[in-house]
Every structure is written in C-alpha cells, then in structure tokens.
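Me: I am learning to read protein models, and I would like to understand the reasons behind the words that are used for them. Could you go through this one with me?

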Amino acid sequence: MYQFDWSILWGEGGRLLIQGALVTLELAALSLLLALVLGFLFGVLRWSQFGPLRPFCWLYVELLRNTPPLVQILFWYFSATVILPPGIIMVLRDWGFQFVAVIFALGLYHSGFVAEIVRGGLNAIPRGQYEAAEAVGFSFLQSVRYVLLPQLVRIISPSLVNESVSLIKNTSLALAVGVADVTYQARYIDYSSFRGVEALTATTLFYLVVCATIAGFGHLLQRRLSRHRRSAA
Amino acid sequence: MNWELVFTENNVRRLLIGDWPKSLGGVALTIELSLIGIVLATLLGLLVGYLRFAGPRPVRWLAAGYVELLRNIPLLVLIFWAYFAPPYFGWEPSKFASVLVAIVLFNAAYLAEIVRGGLLSVPVGQVEAARAMGMSSLQLALYVQLPIAGFNSIPAMTGRFITLLKGTSLAFLIGLAEVTEIGRQINNRLLTAPVEVYATLLAIYFILNRGLSAAMRLLEDRRRFNRIVCFFAR
C-alpha cells in the first residue's frame, strides 16, 4: 500500500506549487483581459453585420471555436519564430517567449467564445429599446451608456463568468510549451521526488478553490442582477 | 512555404491512421476516442443528470457533488490523475484507457447539467399524462422525460461534444499517438515547417468538428430523432 507523505507540500514542493499557482493566476488574468477586449470587438462586429468584414468575422469565430486550444498554443508558439521579425522576437524573449505565446493563444481562443456571448446578448435586447432611446433624444453614446450596456451586462455576465472558469482551467495547457504553471509543478514534483499523488491533490484543490470561488461569485451576481430586474419591472 | 515537405505519402498516412496495422493512431484514433467518449459520456450524463433531477435526496446531493467537483478541475489534471496516480497504488492503466476515463468523467459532468436543464423543460402535462396512464417512474423516465429532455438539449450537447473532441488533443501530453502527437512528431523531424504542420492539424480538427456539428444537426429533425429513440427503446 502506498504511504502518503504530505510533508512534501510544506517544504520545497510547497514553494514550487505556490510559485506555479501564481503563474497560473497571472496567465489567467492576462489572457482573460485579451479575450474580453477581442471578444467584445468581434462580438459587436458580428452583431452589426458590417458587410465587408462579415466573412472575416465568421471565419475568426468559427476557426477559433472549432479547433483545440492546445493545438492553437502549439501553433502560435512554433509559428511565431517563423512569422515574426527577429526584432520583436528578441523583445518577446525578454518577457518569456512561452508565457507570451500562451497568453496570446488562450486570449484568442476564448475571444471567439466571448464574441458569440456578446453577439447573443446584443441580439437579446429588443429593437424597441434602441428606438425608444432614439425617440427620447438620446445621443449614440447616451443610448449605449444608459440603455444598451446595463441590459447587456445583465444578460451576458453569467456566461462570461462561466467562460472565465473555463479559461482558468485551460491555462493548465501551458505546460505543453514549458510554462511553469501549477500543473507543470505537480508533474515536476512527481518525477523528481515520486510524490505525484500528494502534488496532484494540492493542484486539484487549488483549481477547485479558485474555480468554485469564481463560479460562486457568478451565482451571487446572477441572483443580484435578476433581483434588480424584478424590482424594475 | 514547404507544404510538399509535410504532405509526403508517409506523413499523410501517419496523420490519418498512425502506425496501423501495428497500432492505430492519427485521425483514426482521435475519431475512435471521440466517438467512444461521446457515447459513454452521454450515457453517464443522462444517468447523473436524471439522478440529480429526480433521485432521492442523498443521491441528488451526490450527483450535484460529482458535477460541481468535476466541472471545477481542468481536464488535463484529470488525465494526469488517471494516468500517473494508479501506478502509485500498483496498477498501470493503458494510455488509451486513462484518457478515455478522464474525458468521459469530465464531460459527463457538463452533459448531466445539460440533461437536467432539459428535464426541467419537459412540460408538466406530459408527465401527468404518463402518470395517468399508469406508467412507473422508470417507464416515465425512459419513454417520456429523457427522450423529450434529450431532444431539447441537442444543440447544447453538440457544443459539449465539440469540446470533447477538442479535448482528445490533450492525450498527446501523456504520449498517446492521436493526431496531435503525430503532428508533433512530424514537426520534430522536419523542424523547418512548424506553420504548415500545425496549420494542417488545425484544419483537421476544424473539418472533424464541422462534420460533427453537421451530423448532430441531422438529429434536430424530430421524426428522425424519434425513430432512433424508438429503435433503442424497443
């Protein structure tokens, strides 16, 4: 029978895992930012059905959503050295080439999903709302600020929270190109000290706590937002 | 661009079937893994989703715990559990079995939630009518609730199946020779054509997933769906 030795998590192993956990959170925060920015941009473009960009936006969303994030990470990581000019590669090396590649790939991948969420949210706002905003003499910016955004945020925030949880879980793929995130450290502890079960347990608990916290926050948010809706109606 | 380096006869054969007949790999293994995974995950998802919806209270909690646990852990960590943990307890699973178990358990949690949502959408009148006809709970579930719930959740399930297929690419991280692993091997041997190799992989997955969506859209026809359900319910 296997003898557990949890003390591995308090010494060197624990230090590595905490280091990895911080890298995971960093990866998640930066790629979430990129995903939101690109996702909103392409979501609005898809929704507006702006003629010349339509096929491009369709291809962007469909390609990103129908291919594995892992292969996308490998694609950007291995292709960057071929595609990019040497000057930019030197700069990226200083920032950590793998790290940047993973953020870029995950940001792009999830932006495809965010774009569809945003488009769905915009489509869910009834036409009458825009017409009413125009009728009471709102400027474009005013109707965005007071009519569009409040409703959009209420509709899409639960889906965006789900997407964030999925993004955090996908940061574990970073180990494929050698970024030392928390999953990577669990593997490292496994083959350096043969304490894989303990390290995997700690890693699993880390993901569980982070993801469940965010999901719980999402439930709370949803309840708050739907209460607001009831009182407004 | 060095496309002719990538598309040699040998590379194409390996991408499609791996080292068959010695061992199956490449696209064929990806499809095999996905199809078996989809069938098993759907069955488990139907079971867990139904139990969370209609089981006795402790079972409902257990099902809810399963869903919440599995949905908050990365698939990769589950694959590592399934492949690297059992040897510590004196048992060495095959790579294929490890990946399959992880993929099924992971995706079944999401499918259970989809099924539960479908069950909530079953009209009360249908359930009351079935009860009035004297159906038992099992008959009610198998002949009324689950078929209706299943049909209503086909679009959501399609999304999950696509994620499942994409998830099979993680198998390469433990060295299973599915199409991503073959692509990686080809890239390692060539070294000069990473854009071409990985673009090919992306295209392969894109085609597989579009095919999967198209196949699922066939099921969105109610008569066709009913014929299939009747075939299995007989």
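Reply: What follows takes a few terms in turn and sets each against its definition. This is a predicted model, in which local features need pLDDT of at least 70, side-chain atom pairs count only at pLDDT 80 or more, and totals for chains, interfaces and linings use all residues. Residues are numbered from 1 along each chain as its sequence is written, while chains are lettered from A and ligands numbered from 1 in the order in which they are written.

Me: How do you know that the span of helix H11 of chain B agrees with what is expected?

Reply: Helices are DSSP runs of H or I with at least four residues, numbered from the N terminus, and the expected span is 1.5 Å times one less than the number of residues. Helix H11 of chain B (residues 194-219) has 26 residues and should span 38 Å, and because its end C-alpha atoms are 38 Å apart, the two agree.

Me: Why are Tyr198(B) and Leu201(B) called buried?

Reply: A residue is buried if 20 or more other C-beta atoms, placed from the backbone, lie within 10 Å of its own; Tyr198(B) and Leu201(B) are among the residues of H11(B) that are buried.

Me: What makes up the side of chain B that touches chain A?

Reply: Counting two residues as in contact if their C-beta atoms, placed from the backbone, lie within 7 Å, 28 residues of chain B are in contact with 30 residues of chain A. Helix H5 (75-84), H9, H10 and H11 of chain B each supply at least two residues of that side, and the largest share, ten residues, comes from H11(B).

Me: Which residues does Leu78(B) contact, leaving aside its neighbours within four places in sequence?

Reply: Leu78(B) is in contact with Ile73(B), Ala102(B), Leu105(B) and Phe106(B).

Technical notes:
Buried ≥ 20, exposed ≤ 12 C-beta atoms within 10 Å, placed from the backbone.
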